[in-house]
Amino acid sequence: YQRRVRDEKKFVTQRFNNELPARRFMLVADNGTVVAHIATHEKVLVRPGDAADEHYCGIAEVMTLEAYRRRGFVRLLLKRVHEHYRELGYDWSILMGREEFLQ
């Protein structure tokens, strides 16, 4: 599922390369090919004072092989990610993209 990006050095230094994802969610075809993928990072937002800390899921590395796009596979994976972290009691999740890495 790896692909080249225009500025690979920038991609490697500005993503979570120093922190491995806590989990990876994958959709695998019958032939063993990973056709869709989402990585997650488990984070805590420390609140000041007496406010309770918030646990959140950072969603990263959302990818689908080109031949498998527009079939709802990422939607299925995002649903599974949401269910998983809701079961763990996480408060929220966040997905942010950078235009220069999107095609």
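## Report on a predicted protein chain

Of the 103 residues that make up the protein chain, 24% count as buried. The model described here is predicted, and the values below are computed from it.

**Overall build**

The secondary structure of the chain consists of two helices and four strands. Followed along the sequence, these elements occur in the pattern α-β-β-β-α-β. Among the contacts in the chain with a separation of 6 or more, 56% join residues that are 24 or more positions apart. The accessible surface amounts to about 7800 Å², and carbon and sulfur atoms account for 50% of this surface.

**Confidence in the model**

The mean pLDDT of the protein chain is 83, and 78% of the residues reach 70 or more. Confidence is lowest in helix α1, which covers residues 8-14 and has a mean of 52. It is highest in helix α2, with a mean of 96. Over residues 1-6 the pLDDT is below 50; in the model, this stretch has 12 contacts beyond near neighbours in sequence. Where pLDDT is low, the predicted coordinates should not be read in detail.

**The second largest pocket**

Which elements each supply at least two residues of the lining of the second largest pocket? They are β3 (54-64), α2 (73-87) and β4 (92-95). The largest share of the lining comes from α2, which provides five residues. The second largest pocket holds about 160 Å³ of space. Its lining is formed by C57, I59, L78, V81, H82, Y85, R86, Y90, D91, W92 and S93. By residue class, the lining divides into seven nonpolar, two polar and two charged residues.

**V81, a residue of the lining**

V81 is one of the residues that line the second largest pocket, and its place in the chain is helix α2. Is V81 buried or exposed? V81 has a relative accessible area of 3%, and it therefore counts as buried, since buried means under 20%. Leaving aside neighbours within four places in sequence, V81 is in contact with F25, I38, T40, C57 and I59. Of these contacts, C57 and I59 also appear in the lining of the second largest pocket. S93, another residue of that lining, is 12 residues from V81 in sequence. In space, V81 and S93 are 9.4 Å apart, C-alpha to C-alpha.

**Three further residues**

The table below places T33, E61 and R70 in the chain and gives the exposure of each residue.

| Residue | Location | Relative accessibility | Class |
|---|---|---|---|
| T33 | loop between β1 (23-28) and β2 (34-45) | 29% | partly exposed |
| E61 | strand β3 | 16% | buried |
| R70 | loop between β3 and α2 | 85% | exposed |

Why does T33 count as partly exposed? The relative accessibility of T33 is 29%, and partly exposed covers values between the limits of 20% and 50%. Not counting residues up to four places away in sequence, T33 touches L27, V28 and L65. T33 and L65 are 32 residues apart in sequence, while their C-alpha atoms are 9.5 Å apart in space.

E61 and R70 call for a remark on the backbone. E61 is not a glycine, although it has a positive phi of about 50°. This residue lies in strand β3 and counts as buried because its relative accessibility is 16%, under the limit of 20%. R70, likewise not a glycine, has a positive phi of about 65°. R70 belongs to the loop between β3 and α2. With a relative accessibility of 85%, R70 counts as exposed, because exposed means over 50%.

Note on methods. Residues are numbered from 1 along each chain as its sequence is written. This is a predicted model: local features need pLDDT of at least 70, side-chain atom pairs count only at pLDDT 80 or more; totals for chains, interfaces and linings use all residues. Side-chain values use heavy atoms; hydrogens and water are left out. Buried means under 20% relative accessible area, exposed over 50%, partly exposed in between (1.4 Å probe, protein chains only). Contact means heavy atoms within 4.5 Å. Accessible areas come from the Shrake-Rupley method with a 1.4 Å probe; for residues, only the protein chains shown count as cover. On a 1 Å grid over the protein atoms alone, a cavity is a set of points where a 1.4 Å probe fits but cannot get out, and a pocket is an open set with protein on both sides within 12 Å along at least five of seven lines; lining residues have an atom within 4 Å of a point. Grid points are joined across faces, edges and corners, and a volume is the space filled by probe spheres set on the points. Ala, Val, Leu, Ile, Met, Phe, Trp, Tyr, Cys and Pro count as nonpolar, Asp, Glu, Lys and Arg as charged, and the others, Gly among them, as polar. pLDDT is the predictor's confidence in each residue, from 0 to 100.
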